[in-house]
Amino acid sequence: MRTIIFQALEFTVLIPGMLLAYLPVNSSLKQKPKKMIAWMLPLLVIISFLSGFVCNRFHLSTRMILLPLLFLTFILYQATLRISLWKSVNIYLAVCAVFSCFNSLAGATSAMLSFNSEEQAFSGFSVFAVLYNIFCILFVILIWHPASHVVKDMVEDENLAQTWYVFWVLPVLIIGLNLVLIPKYNTILHTQRFLRGYIVIVYALLLILALFYTMANILNKNQKLQQENLFLSVQQERYENLRSAIEEARQARHDIRHHFVQLSVMAEDGNLEKIKDYLQNAMDKIPGFDFHFCENQSVDNVIGYYYALAQKEEIPFDARVDLPQELSVDEMDLCLILSNLLENALEASRKTTMSRQQILLEIRQHSASLLLIRVENNFDGIIKEKS
């Protein structure tokens, strides 16, 4: 009976493991947390003890049961979330990689503690099962806040969308290395030199995994800062354009007295054609600076910037924007997407014959959480499609 319990304890690490996997995605659950705990916790306990019973009854190693069990729990994990498959795979594999390191560490620690034990085989096995759970539970408590905040921000950050396709590589390598490191016979761990090297390697694997995700987070923050700097430079140039236009308009208003004097002289002479020509010439010199497109200042600045560029190059730009001051989407993300779209449209228009140059922009709020953006432009070049 005691053997069944200790074998079952090897599977109960699924509980802290699943908890850790859910921490970064707690805002994407399909059910309320309390409701999920109410049915998932008893289910994992039953699965753990049932797996321990099967291992004991048929004299199987826990590794033979663990692999299909991990696959089944992943299906359960993915089914309870509203996130992409790639994100859930990466999070789940990262947890498995960390816990595989703790598995190796628990094995090394139990070998040290049971070195002089008379009941070495049984004692070593029982100590390993208890230590494995303790290490995993302590790690979940330690990492609770970072997983719920820092890792959560990484998961929700759409700038990392492409990165999720490669994040799985390192966790898989860590898991594979831990499986290779596990000695065929437990007595090998009682060799002092091998044991010390074994522990150092496990710690190194944990450190590599931590550094990998730390570097990914730092690189993502740097990328976001670069995007924000680009957005600020667009705003600065937009401000300079507006200030220049306002200064020109102020100068035109300053000269309006002189215009009135000239018009009065022409009116006394009765020269109507000359008055028309003079008025047309004066109107041409007054700049148009009404670049207001919507109530949201950031989006208005981006559209105004590209609208001014299009006007300088005499490219027709039709903007139909209906947005409130407060948006339902991330303002920075929207401005970056809009900048990319308009930059591409402007670049394509430069390569198009003047008679076909045209940019049409339409933005509207479709629903409380859905924004529709449409950018149309002509292009005389060759479009190469991939996949």
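**Notes on a pocket and three buried residues**

1. Asn-133 has its place in helix 6, and, this being a predicted model, the remarks that follow concern the coordinates as modelled. With a relative accessibility of 10%, Asn-133 counts as buried, because buried here means under 20% relative accessible area. Once residues up to four places away in sequence are set aside, Asn-133 touches Leu-9, Glu-10, Thr-12 and Val-13, so that anyone inspecting helix 6 at this position may wish to display those four partners together with the asparagine.

2. Helix 6, which runs over 120-156, also takes part in the second largest pocket, and with eight residues helix 6 gives the most to the lining of that pocket. Helix 5 (85-113) and helix 8 (192-254), like helix 6, each supply at least two residues of this lining. The space within the second largest pocket comes to about 640 Å³, and 23 residues line the pocket, those nearest its centre being Val-98, Phe-139, Ile-143, Val-151 and Tyr-213.

3. What is the make-up, by class, of the lining of the second largest pocket? The lining has 20 nonpolar residues and three polar ones, while no charged residues are found in it.

4. Leu-23 is found in the loop that lies between helix 2 (14-22) and helix 3 (33-57), and this leucine is buried, its relative accessible area being 6%. Leaving aside neighbours within four places in sequence, the residues in contact with Leu-23 are Trp-144, Ala-147 and Ser-148. A related distance is that between Leu-23 and Pro-146, which are 123 residues apart in sequence yet stand 9.3 Å apart in space, taken from C-alpha to C-alpha.

5. Thr-352 is likewise placed in a loop, here the one between helix 12 (331-350) and strand 2 (359-367). Is Thr-352 buried or exposed? Its relative accessible area is 6%, and Thr-352 is therefore buried, the cut-off for that class being under 20%.

6. The surroundings of Thr-352 include a polar pair, in which a polar atom of the threonine side chain lies 3.2 Å from the backbone oxygen of Asn-378. Asn-378 also appears among the contacts of Thr-352 beyond four places in sequence, together with Gln-357, Phe-379 and Asp-380. A reader checking this loop between helix 12 and strand 2 could thus view the side chain of Thr-352 alongside the backbone oxygen of Asn-378.

Terms used. Residues numbered from 1 in each chain as written. Predicted model: local features only at pLDDT ≥ 70, side-chain atom pairs only at ≥ 80, totals over all residues. Heavy atoms only, no water. Helix = DSSP H or I, 4+ residues; strand = E, 2+ residues; numbered from the N terminus. Buried < 20%, exposed > 50% of the residue type's maximum accessible area, 1.4 Å probe, protein only. Polar contact = N/O pair within 3.5 Å; in protein donor to acceptor, adjacent residues only side chain to side chain. Contact = heavy atoms within 4.5 Å. 1 Å grid on protein atoms, 1.4 Å probe; cavity = no way out; pocket = protein on both sides within 12 Å on 5 of 7 lines; lining within 4 Å. Points joined across faces, edges and corners; volume = space filled by probe spheres on them. Nonpolar A, V, L, I, M, F, W, Y, C, P; charged D, E, K, R; others polar.
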